[in-house]
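Visitor: I would like to go through this model with its definitions in hand. Please show it first.

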Amino acid sequence: MGLGVALSLTACDYIPRTVAGLQTDASWDALPLRKWLAEDRAEPIALSFCAPPACNPGLAVGVIRLNGKDAQVTEALLKDPERLARALRSPVDRKKPVKTDIAVERFKGAPYPGFAITLSPKDGGKPPAYGAAMGRRSGEGLDVVLAIGVSSELVRQSVQEAAEREFR
């Protein structure tokens, strides 16, 4: 019996948790992040994705928890995303100019600080990529919901719906 309990507890790290607030149909799947990510800077909580053709366009939504200085820096970026845009436009030690247009928009009137970001190739050779983030302080930590996809509306809607459910 002891072996069964030990195996059950160990297996919990391999069973992925889906992001709350997303559809629960078979087109969405979850990844077992805790066993994949070795870095200690962010604690992965959940990652769900929906890929074409079931979801067209594809979309990924994740939840992470940050602590300490990482939480402070991220919280500042959630409140002032133009700082992130400036950093992406002028990365340190970059010898070539950035060939991507970067636009950010702060979520106004949202219950949690956050923003949407658009990354577009300057040459227009590929469609833009969209991202969004919302965060909430939880004690000393910061919980953040992130969404990435190729539809601006779907990314914004998904991050807001997931934040509403995840931050309850």
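Visitor: How do the residues of the lining of the largest pocket divide into nonpolar, polar and charged?

Guide: There are 17 nonpolar, two polar and two charged residues. Nonpolar covers Ala, Val, Leu, Ile, Met, Phe, Trp, Tyr, Cys and Pro; charged covers Asp, Glu, Lys and Arg; the others, Gly among them, are polar. This is a predicted model: local features need pLDDT of at least 70, side-chain atom pairs count only at pLDDT 80 or more, and totals for chains, interfaces and linings use all residues. Residues are numbered from 1 along each chain as its sequence is written, and side-chain values use heavy atoms, without hydrogens and water.

Visitor: Why is serine 120 called buried?

Guide: Buried means under 20% relative accessible area, exposed over 50%, partly exposed in between (1.4 Å probe, protein chains only). Serine 120 has 18%, so it is buried. It touches Lys99, Thr100, Asp101 and Pro128, leaving out residues up to four places away in sequence; contact means heavy atoms within 4.5 Å.

Visitor: How do you know that the span of helix α3 agrees with what it should be?

Guide: The expected span is 1.5 Å times one less than the number of residues. For the 12 residues of α3 (residues 68–79) that gives 16 Å, and the end C-alpha atoms are 17 Å apart, which agrees. Helices are DSSP runs (H or I, at least four residues), numbered from the N terminus.

Visitor: Which residues of α3 are buried?

Guide: Ala71, Glu75, Leu77 and Leu78. They fall within an arc of 160° seen down the axis, so they line one face of the helix. The arc is taken from the directions from the helix axis to the C-beta atoms. Lys69 and Gln72, on the other side, are exposed.

Technical notes: Helix = DSSP H or I, 4+ residues; strand = E, 2+ residues; numbered from the N terminus.
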